[in-house]
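Please open the structure in a viewer and keep the selection panel at hand. The tour proceeds from one selection to the next.

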Protein chains: 2
Amino acid sequence: MLPDQYPTRLERRMNMFYRRDPVIHGNIATATSGPLKQHHLEQYKKEGFLWFENLFSDTAIMDNLLKEFSDLEKDQSIVKSEQAICDSNSGSLRSVFGIHELSEEFARLTVSDLILGMVRQLLGSDVYIHQSRINAKPGFVGGGFNWHSDFETWHAEDGMPSMRAVSASLLLNDNNEFNGPLMLIPGSHRYHVPCQGVTPDENWKRSLKSQQVGVPDTASLKRLINNSGIAAPKGGAGSLLLFECNTLHASQRNLSPWPRANAFFVFNSVENALEKPYAGTCPRPDYLAAREATAGLSQVHHAQQVAM
Amino acid sequence: MLPDQYPTRLERRMNMFYRRDPVIHGNIATATSGPLKQHHLEQYKKEGFLWFENLFSDTAIMDNLLKEFSDLEKDQSIVKSEQAICDSNSGSLRSVFGIHELSEEFARLTVSDLILGMVRQLLGSDVYIHQSRINAKPGFVGGGFNWHSDFETWHAEDGMPSMRAVSASLLLNDNNEFNGPLMLIPGSHRYHVPCQGVTPDENWKRSLKSQQVGVPDTASLKRLINNSGIAAPKGGAGSLLLFECNTLHASQRNLSPWPRANAFFVFNSVENALEKPYAGTCPRPDYLAAREATAGLSQVHHAQQVAM
């Protein structure tokens, strides 16, 4: 097992420190061969995310995906499964995990040459899907998410050794000021904020509804936000957000009648395969964190066949 | 007792209907003699609120008020009193009522010729303070408020007969996209949305933390928002929002490190004195709803001496 470079879920408070991994991985050849331009790479390195407003402008693609999501929402065998998480206040569907395995439409998106091309530039290697999900916020009842780093959880609860993963979030609905768009702290990806609090067994059964451990302390949040503010990209369905696995993010409730569903695909480098969870807990189910390196590799192989 | 023009807190659902009161009261002479111009009056009539960014630009006034609020926050005899409401999740101070009686600085503001002048134009008569409060949202912990009409509560639980009151909200801190600014539904003041659900005894002991009755149904909210959207005025400390007593409003949690405290002064027409609560409950305490017409009148008299 690799040494723990990012201690977290600690009994005592520990100050935040600079990340030990590069933000853009690989070498000049891998970083420059793909759809992202030099200014994209520089922005990603500095801010920890890239925003492409209305990237997928083909409404037929987006209509198909929304239809697919609507079918998933209606499928009681999915809604009642462990892969579906309901909001603890309203009971409405909050998240569905493993969407690239539930839906051919979403699977195709994860292997599109555009998204895969960008992700490979950033991670400097072949990649596989670590996790996929839709986070849904129906009008008036969709709940928010507190500030957190995804990597912090994937490291502690899934055993992801290094910060070498990226999330691609595709907007299935328009995201505006009032329906709970994703908020990010630019530059926060450059720091590891160790979190206080030991991880309970099967924490994910609670944490996916409301995160209690793996929550950064407010002093660190304040320092990071006062440094560079908060960004909340807004735009139409088909816009894409790429964000580094360690970029702190959060979102508000949906207080509008306008539903907000975003699909997330988390790409991990095949050179960053999962170890035992660093929090010492049992590994989470496969739909939350794919543990099979071969599955990852075949995914990439499939991707190359379909999209490249 | 005047007949109930605005049935609410009902056992069965009842559709929303047009308000039975004018939006601007009095006559042409009262409406046009004051600081508000014709275009202000038209906008207020249409949207139900007026926004004056950085109206009180004198930083000394604002510093004084913030200092005063900070003193109130530290005063344990106030924080532990019934006039102070704490957030049910974080325990942080959420509201302090009766601030114009607790603080000379805030009292002076309620009788400033500018604010009183505008309010009299809108209400077409002399006025008194029905309620005053500060709603505070400290960084990271300040909770939000669901959509509601203040008049709906004042009518049901305080016995305010007609829609003839206006709230003046003064920003004590900068309000931005991330610290939970007030959101309003433009035009919603033109409709009464009867709410379903009978009012429990001493409802205010719970409702000031989290409103459960007096909540408009989502179908009506959706219709009103789809009609004219949502507005969330943002600006520096010293900005002023005047909003009609029946304009639907809400706000998000404060997910930023930037505190957000707004002072509210509710002016009611002396011709709209409180009756028995229309919900059939006991009247709420005086710091939530001033019941003394004489107090109101002396207030106005004092106002005239000081400010006019």
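The stops below lead from a single chain to the symmetry axis, and then into the contact between the chains.

**Stop 1: chain A alone.** The model is a predicted one. Select chain A and colour by secondary structure: 11 helices and 12 strands are assigned there. The radius of gyration of chain A is 18 Å, close to the 19 Å given by the globule rule for 308 residues, so chain A is as compact as a globular protein of that length. Along the principal axes, the C-alpha atoms of chain A occupy a box of roughly 50 × 50 × 40 Å.

**Stop 2: the axis.** Display chain B as well. Chain A is superposed on chain B by a rotation of 180° with 0.0 Å of shift along the axis, at an RMSD of 0.0 Å. The two copies are thus related as by a two-fold rotation axis. To find this axis from chain A, select A:Q252, whose C-alpha is the nearest to it in that chain, at 3.5 Å.

**Stop 3: the contact surface.** Select the residues of each chain that touch the other; the contact takes 24 residues from chain A and 24 residues from chain B. Of the interface residues of chain A, 100% are also interface residues in chain B, so the copies meet through the same surface. About 2100 Å² is buried between chain A and chain B, with carbon and sulfur atoms giving 65% of that area.

**Stop 4: polar pairs and contributing elements.** Across the interface of chain A and chain B, 10 residue pairs are in polar contact, both residues being at pLDDT 80 or more. Which elements give two or more residues to the side of chain A that touches chain B? Select β6 (145–148), α10 (218–228) and β11 (249–251) of chain A, which are the elements that do so. On that side of chain A, α10(A) gives the most, with 5 residues. Coloured by class, the side of chain A that touches chain B shows 13 nonpolar, 7 polar and 4 charged residues.

**Stop 5: a salt bridge between the chains.** Over all chains the count of salt bridges comes to 24, and between chain A and chain B it is 2. Side chains of opposite charge can pair when their charged atoms come close. For one such pair, select A:K234 and B:E177, whose closest N and O atoms are 2.7 Å apart in a salt bridge. A:K234 lies in the loop between α10 and β10 (240–244) of chain A, whereas B:E177 lies in the loop between β7 (165–171) and β8 (182–184) of chain B.

Terms used. Residues are numbered from 1 along each chain as its sequence is written. Chains are lettered from A and ligands numbered from 1 in the order in which they are written. This is a predicted model: local features need pLDDT of at least 70, side-chain atom pairs count only at pLDDT 80 or more; totals for chains, interfaces and linings use all residues. Side-chain values use heavy atoms; hydrogens and water are left out. Copies are superposed by least squares on the C-alpha atoms of residues with pLDDT of at least 70 in both. Contact means heavy atoms within 4.5 Å. Buried area is the accessible area (1.4 Å probe) that two parts lose on being put together, summed over both. A salt bridge is a side-chain nitrogen of Lys or Arg within 4 Å of a carboxyl oxygen of Asp or Glu. A polar contact is a pair of N or O atoms within 3.5 Å; within protein, one must be able to donate a hydrogen and the other to accept it, and residues adjacent in sequence count only if both atoms are side-chain atoms. Helices (H or I, at least four residues) and strands (E, at least two) are DSSP runs, numbered from the N terminus. Ala, Val, Leu, Ile, Met, Phe, Trp, Tyr, Cys and Pro count as nonpolar, Asp, Glu, Lys and Arg as charged, and the others, Gly among them, as polar. The radius of gyration is taken over C-alpha atoms; the globule rule is 2.2 Å times the number of residues to the power 0.38.
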